[in-house]
Amino acid sequence: MPSSADPDASKIDDVQLGQCYIGGNWQPLAEADGEQELFNPATGAVLVTVPLAGVADAKQALVAAGEANGKWSQTAPAERGAMLDRIADEFAARRERLIALSTLNNGKLRVEAAIDVDDAIASYRYYADAARALQPREHIGAADDQHQLYRCQVPVGISSLIVPWNFPMVTTAWKVAPALAAGCPVVLKPSEVTLLPELVLGDIASAAGVPAGVLNIVPGGARVGQAMVDNPRVRKVSFTGSNAVGEQVMQNAAAHMHKISLELGGKSPIVVFDDVDLDWAVAQIMAGIFFNAGQMCSATSRLVVADAIADDLYARLKSAREALRVGPGSDDASVMGPLVSPAQFARVQDYMQIAQQENLHCLSGGHALDGKGFFVAPTVYADVPTTSRLWREEIFGPVLVSTRCNSEEEAIALANDSEFGLAATVLSADVERGWRVMNAIDAGAQWLNGEQLVVPAGGWGGLKHSGIGRELGTEGLQAYQESKYIVVPNNAGP
Ligand code: NAD
C-alpha cells in the first residue's frame, strides 16, 4: 500500500497506486522495485510514496499481452474502432478529474492539462476512424500477364510502449491508439514521475470494455522499461524520452530485432525576420518556450533574430517576460507553472549556473524563485555564442537562448546548427521566404507564422538525433503494422 505524507493525498484516493493493470484487472505488484515519491510541484510537498513495479510484473504483463494477441489481432477493424471510440468517451467523462490530477502531479496549468487531455481524446477518435477504414488487402496491380500483386497489412504484434512525463495523456494516446487500431496488444510503462493521471487509463480500459490483456500498465522505473524491451515476445518498441535512454533502448532492441520508434529530444529554433510585427513576434516566442514551463520536446528554445530588429525585440521580450505571471497551475491567473520534479528543478538550475560560468548575457530571469515549489524564473539569454552548452544542449525548461543573423542563409545555418531536428518556427511577412527557409531547415514539425499546432492527421517525429519514425497520421498507424506482398494467379483474386 502507498504511504501518505501529505494531506493533499486525500485527493488521490481514487487512483490505483501500487498496483499493475494486467489481464484486465488491477493486481498487487508481483515484485516491488524501490519506491517513488509523487510530488505536488506547486508546493514541493510529497503527495504520496508508492512502491514501483518490478521486472516480474513486466514479464507477467507481456505474458498477458501474448495470451490476448491471437484473438485481438483477428478482431474486425470496425470492432476495434468502436472500442477506441468508447475509450475516447471514457476519457471525456473523466476530463475534469484528469485535468485536476495533471495539475496536481505534473504542476501543469489547468489550460495546459486540458490541452493534454483533449488532444488525447482527439487521438483516440482519429484512430477509431482509421481502424474502421482498414482494408483486408490492397490490389497493387498486375505482377505479370498471369499474376496479380496484393499488399496485406497485418498487426506487428506485442508492443512495448514507454513514455515520459511532460504530456502524459497525449504521448500515451499517440502510442496506445494506433497500436490498438492496428490490432496489437500493448504493455505501457508510464513515467514513474506522473503516475496519478496515467494510471486512470486502467480504469478507462475496464470501463470501455477493452478485452483482458489487450492493454496492460506496469508502473515501474528504468528496470521495467528495460525488461519490456529485452524480451523475445515483443515485436515493437515505441519509446518517447531522452536521447540517453533512447540510445539504450535502441541497443537493447537490436538484440531481438524489434521494430522501433523513437521520439527523442529537441533544441528547436524560432527564426524571426525583420518584416514582422514585434509585439506579435514576442508573443510567439514566449509561447514557444514558456508553455508547459518549457518542458516540451518541441520547445523553440533557440531564437535566431534578424540583427536589424534584435535590440528592439530584446527590449520588448524583456518587458513582456517580466510581466509574465508564474504561479501554481490551479490558479487561473498563472501563465507559467512549476517544473515537474526536484530532479527537473535541479537540472534547470544547473544550466543557469553553467550560463553564469560561461558569462552569458542574461536578459531576464536566470534563477529559481523564492518560496515553496519547483518554480524558476522564465529566462532569456541574449547573443549566446553557438559554442555555449546552453545553445547546444536540451534543457527542457523555460530557458531561451538567442543569437542574431544578418541574412536568410545565415538564419538557416544557425537554425540547423544542432544535432537535433524535431521542430522549427519561422516568422516572416514574406510567405515565399517562409517556405524557402522551412524547406531548408532540418526539422520534422514546422510552423510558419503560428504557434505549435499539432493535429492527429499530421505526423510527429524528428530528423537527425530527434528520433526514428513518425507518430500520428497514417504513418503512426503503419508503425504498428507489417506489410506482406502476395502474388497470386489471375484467377485467384478476391
Ligand atoms: P527519460 O528518457 O528519462 O524517461 C522516459 C521513459 O523511459 C520513462 O518512462 C523512464 O522510466 C523510462 N526509462 C528510463 N530508463 C530506461 C531504460 N534503460 N530502458 C527503458 N526505459 C527506460 O525522459 P523523461 O525525463 O521522462 O522525459 C524528457 C525527455 O523526453 C526529453 O528529452 C524530451 O525531449 C523527450 N520527449 C520527446 C518527445 C518527442 O515527441 N520527441 C515528447 C516528449 C518528451
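A residue is called buried when its relative accessible area is under 20%, exposed when that area is over 50%, and partly exposed in between, as found with a 1.4 Å probe on the protein chains only. The structure is a predicted model, in which local features need pLDDT of at least 70 and side-chain atom pairs count only at pLDDT 80 or more, while totals for chains, interfaces and linings use all residues. Residues are numbered from 1 along each chain as its sequence is written, and side-chain values use heavy atoms, with hydrogens and water left out.

**Exercise 1.** Find which parts of the chain are tied together by the salt bridge of Asp118 and Arg95, and state whether Arg95 is buried, partly exposed or exposed.

Solution. Begin with the general idea that side chains of opposite charge can pair when their charged atoms come close. A salt bridge requires a side-chain nitrogen of Lys or Arg within 4 Å of a carboxyl oxygen of Asp or Glu, and the side chains of Asp118 and Arg95 meet in one, at 2.7 Å from N to O. Next, place the two residues: Asp118 lies in helix H4 and Arg95 in helix H3 (residues 95-106), so the pair ties together parts that are 23 residues apart in sequence. Here helices (H or I, at least four residues) and strands (E, at least two) are DSSP runs, numbered from the N terminus. Finally, Arg95 has a relative accessible area of 27%, so this residue counts as partly exposed, and Asp118, at 30%, is partly exposed too.

**Exercise 2.** Describe the salt bridge between Arg132 and Asp85, and name the network to which these residues belong.

Solution. The closest approach of the two side chains is 2.9 Å, N to O. Because Arg132 lies in helix H4 and Asp85 in helix H2, the pair ties together parts that are 47 residues apart in sequence. Arg132 is partly exposed, with a relative accessible area of 37%, whereas Asp85, at 19%, counts as buried. The network of salt bridges links Asp85, Asp89, Arg125, Asp129 and Arg132, and the whole structure has 26 salt bridges.

**Exercise 3.** Which side chain of opposite charge is nearest to Glu112?

Solution. First locate Glu112, which is found in helix H4 (residues 110-132). Then apply the convention that Lys and Arg count as positive and Asp and Glu as negative, with His and the chain ends not counted. The nearest side chain of opposite charge is that of Lys108, 5.6 Å away, and Glu112 is buried yet has no salt bridge. As a last step, look at the backbone nitrogen of Leu109, which lies 3.0 Å from a polar atom of the Glu112 side chain.

**Exercise 4.** How many residues line the second largest pocket, and which of them lie nearest its centre?

Solution. On a 1 Å grid over the protein atoms alone, a pocket is an open set of points with protein on both sides within 12 Å along at least five of seven lines, and lining residues have an atom within 4 Å of a point. The lining of the second largest pocket has 26 residues, and Leu134, Gln135, Pro136, Gln153 and Gln481 lie nearest its centre. Among the elements that give two or more residues to this lining are helix H1 (55-74) and helix H15 (473-478), but the largest share, five residues, comes from S7.

How values were computed:
A polar contact is a pair of N or O atoms within 3.5 Å; within protein, one must be able to donate a hydrogen and the other to accept it, and residues adjacent in sequence count only if both atoms are side-chain atoms. On a 1 Å grid over the protein atoms alone, a cavity is a set of points where a 1.4 Å probe fits but cannot get out, and a pocket is an open set with protein on both sides within 12 Å along at least five of seven lines; lining residues have an atom within 4 Å of a point.
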